[in-house]
Amino acid sequence: MTFLGPDGAPRCDWAGGAPGFVEYHDGEWGFPVSDDVRLFEKFCLEGFQSGLSWRTILDKRENFRAAFAGFDLETVAAFDESDVLRMLADAGIVRHRGKIEAAINNAGRALDLIESEGSLAAFVWRHEPDPAEIPEPQSLTTSPTATALSKDLKRRGWKFVGPTTVFSFMQAMGLVNDHAHDCVIRARVADARAAFTPPA
């Protein structure tokens with residue numbers, strides 16, 4: 001651990017990497033999420049991050065939300081070529097046709113999951129790994145459970161959901177508490193996870 005936050009308490013070292021990282025680290029990263037829109041948004045943003053830094057995506061997150069109608073699933077699933085062209089002209093987001101089309105495709109696949117499983121959250125949280133699977137915080141870039149979830153999503157037609165992307169999603173959405181042992185937020189996330197009831 002090398003980074004001390006503004007209060008002097010230790011944080012995961014990546015949290016000191018750029019403006020906004022401490023707020024994201026302290027208030028979002030690792031806390032359990034059961035909201036389908038937030039889960040879908042994170043799948044999309046992790047897909048856009050592929051090959052890039054999270055700083056790039058975090059800096060553009062509000063622009064992504066505007067471009068993708070707040071990541072409303074039905075709205076995004078109905079996007080067409082005119083929307084793709086609109087976003088390819090939007091300098092506020094990552095202008096990558098394949099990733100834009102993947103997000104639109106994945107909205108439709110998420111709606112399919114909601115119809116069959118009750119919610120995207122119920123499906124995702126069925127893949128919560130055994131904590132013993134993660135030996136040391138921030139020592140892995142993927143895991144057997146992330147690989148299994150990636151394969152399941154791909155089988156269902158999702159795109160840009162490789163094992164590393166999925167593991168990053170799991171870290172961020174609270175399926176894994178990957179805060180460093182001496183990070184002040186680790187205990188807060190552990191408490192939030194203990195109080196969290198995974199959706200059925």
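What is the volume of the largest pocket? In this predicted model, the answer is about 450 Å³. Let's take a walk through the spaces in the structure and then look at a pair of helices.

## The largest pocket

The largest pocket has 20 lining residues. If you want to find its centre, look for Trp29, Glu46, Gln49, Ser168 and Gln171, which lie nearest to that point. Three helices each give two or more residues to the lining: H1 (21-27), H2 (36-49) and H10 (163-172). The largest share comes from H10, with 6 residues.

What classes of residue make up this lining? There are 9 nonpolar, 9 polar and 2 charged residues.

## The second largest pocket

Next comes the second largest pocket, with a volume of about 150 Å³. Its lining is made of 13 residues, and Pro131, Ile134, Val176, Asn177 and Arg186 are the closest to its centre. Sorted by class, the lining of this second pocket holds 7 nonpolar, 2 polar and 4 charged residues.

## Two helices that pack together

You have already met H2 in the lining of the largest pocket. H2 also packs with helix H7, which covers residues 97-117. Their axes are 10 Å apart, and the angle between them is about 150 degrees. Are H2 and H7 roughly parallel or roughly antiparallel? Angles over 145 degrees count as roughly antiparallel, so that is the term for this pair. The crossing of H2 and H7 is right-handed.

Which residues make the contact? On the H2 side they are Asp36, Phe40, Cys44, Gly47, Phe48 and Gln49. On the H7 side they are Lys99, Ile100, Ala103, Asn106, Ala107, Ala110 and Ile114. By class, this contact has 8 nonpolar, 3 polar and 2 charged residues. One name may ring a bell: Gln49 of H2 takes part in the contact with H7, and Gln49 is also among the residues nearest the centre of the largest pocket.

## The cavity

How many cavities of 30 Å³ or more does the structure hold? It holds 1, and about 70 Å³ of space lies in this largest cavity. The lining consists of Phe43, Cys44, Gly47, Phe48, Lys99, Ala102, Ala103, Asn106, Lys159, Phe160 and Val161. H2 and H7 are the elements that give two or more residues to this lining.

Some of these names appear in the helix contact too: Cys44, Gly47 and Phe48 of H2 are among the contact residues, and they line the cavity as well. The cavity lining divides into 7 nonpolar, 2 polar and 2 charged residues.

Conventions
Residues numbered from 1 in each chain as written. Predicted model: local features only at pLDDT ≥ 70, side-chain atom pairs only at ≥ 80, totals over all residues. Heavy atoms only, no water. 1 Å grid on protein atoms, 1.4 Å probe; cavity = no way out; pocket = protein on both sides within 12 Å on 5 of 7 lines; lining within 4 Å. Points joined across faces, edges and corners; volume = space filled by probe spheres on them. Helix = DSSP H or I, 4+ residues; strand = E, 2+ residues; numbered from the N terminus. Nonpolar A, V, L, I, M, F, W, Y, C, P; charged D, E, K, R; others polar. Axes fitted to C-alpha atoms, helices over the stretch in contact; angles between N-to-C directions. Parallel < 35°, antiparallel > 145°, perpendicular 65-115°, else oblique. Left-handed = near helix turned anticlockwise from the far one by under 90°. Contact = heavy atoms within 4.5 Å.
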